[in-house]
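Trainee: Got a minute? I'd like to walk through this one with you.
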Amino acid sequence: MAKDLTFTCSDCGAASAKWSGRCDACGAWNSIVEDAGLSSGPKKQGLGKHRGKSIPLTDLATQEAEPPRTQSGVTELDRVLGGGLTKGSALLVGGDPGIGKSTLLLQAAARFARNGLRVVYISGEESNAQVQMRARRLGLEKSPVRLAAETNLRDILTTLDQDTPDLCVIDSIQTMWSDTVESAPGSVSQVRSCAHELTTFAKKRGMSVVMVGHVTKEGAIAGPRVVEHMVDTVLYFEGERGHQFRILRSVKNRFGPADEIGVFEMTGKGLAEVKNPSALFLSERGEPAPGSVVFAGVEGTRPVLCEIQALVAPSPHSQPRRSVVGWDGGRLAMIMAVLESRCDVPFTGLDVYLNVAGGLRINEPAADLAVAAALVSAREDAALPKEAVIFGEISLSGALRPVIQTENRLKEAQKLGFTSAIMPRAPKGTQGAGMDLREMQDLAGFVEQVFGAR
């Protein structure tokens, strides 16, 4: 009897009964591949033979202690992990090619090994000699890390069973293959099967496993989304190749806060942690210029100040350009529509360019007012005061909404020498930290007070 075939999208993991040139779920072209599925077990199987053990939630005598954590000594990495590496956890790290994922994990493996953990670094993309050469360049050649170059999952699990390490780094999960799955390495079935086997093995043995994942052209981790649900922590390593800054961002963490970031600087000897990212992001900022605004943001639990730059110029084309780096293009369109509709600031026939300096990517809506200020400043060719920071969320009606952690934003701004802040109405009891606070009620009032009546 012929085996039933299924077809799966390699970008989003959606399954279909037949092949097609375009995925109906995500719209990607030429991403449908044949999926043989996982190896099947017995067809006719009744209830399980072993009974699982359950405990009452309220029984203090049966409550298990919190899993112990091990700190690497790298403050930025420990912050993103929620205080350190948790025993028996599974982590998935994604990022663009060449951004520094392997460098980061090799440095982290060396630090954990120096702190007493038994660490195994398994590379499916490089030989042991190549990894050793990179370790020498980073000054890590004397670190007690065991290396292996292997892609067969069965051999990897056998090695881990014999060596019993505390931490295993898999670089990368797309190169691993299981002989129980009839598909090529990197396919949806192989990635799902290998990630499941490694995660299950780590949970049973109390070993932590870190898996490197490739990303698609949209920036998401390649393979089925179920892999991100399997693991405990999902980290993205971000940054622009033209900048030396790198951002390690937590988008999922069962043992710590999500959306936390760690900031690193790429140097000739690897990645160096940045303990004061606000000062670094603003280090190259010169005299006030039209279109330049300092935004007081919050990433995870830490306030971060960065510079938002805008350029508005007459367009020689019938369709003006809208180019965005480091922010959501759809939200830029919304801010421009509110400015035109509520504040009578048109952008018809004008090219608009927006950039977040330093390679940082901003996701929070509190940057709305700073973006609007940068756009109007660039359009009117009027510079904002150098000592002012701006933050606030804009609604479609043009009203300004308060944002979270206002006091932390103001304290960080004052620490870096800023003396005033332009913001929405703050909640009662908010301490201004000795700064001159200019509270605005709506966007039209902001444009009128800061840039003059229109």
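Mentor: Sure, one term to begin: buried means under 20% relative accessible area, exposed over 50%, partly exposed in between (1.4 Å probe, protein chains only). This is a predicted model: local features need pLDDT of at least 70, side-chain atom pairs count only at pLDDT 80 or more, and totals for chains, interfaces and linings use all residues. Residues are numbered from 1 along each chain as its sequence is written, and side-chain values use heavy atoms, without hydrogens and water.

Trainee: How many residues of α9 are buried?
Mentor: 11 of its 13, so α9 is mostly covered. Among them are D368, L369 and V371. Helices here are DSSP runs of H or I, at least four residues, and strands are E, at least two, numbered from the N terminus.

Trainee: What should helix α9 span?
Mentor: 18 Å, at 1.5 Å a residue. The expected span is 1.5 Å times one less than the number of residues. The end C-alpha atoms of α9 are 18 Å apart, which agrees.

Trainee: And what comes just after α9?
Mentor: D381, with a positive phi of about 55°.

Trainee: New topic. Which residues does the "binding site" annotation cover?
Mentor: The unreviewed UniProt entry lists G95, D96, P97, G98, I99, G100, K101 and S102. Positions follow the numbering used here, feature names are shortened, and annotations may be inferred rather than shown by experiment.

Trainee: Is P97 buried or exposed?
Mentor: Exposed, at 57% relative accessible area. P97 lies in the loop between β6 (90-95) and α2 (101-114).

Trainee: And I99, buried or exposed?
Mentor: Buried, at 2%. I99 is in the loop between β6 and α2.

Trainee: What does I99 touch?
Mentor: F237, E238, G239, R246 and M266, not counting residues up to four places away in sequence. Contact means heavy atoms within 4.5 Å.
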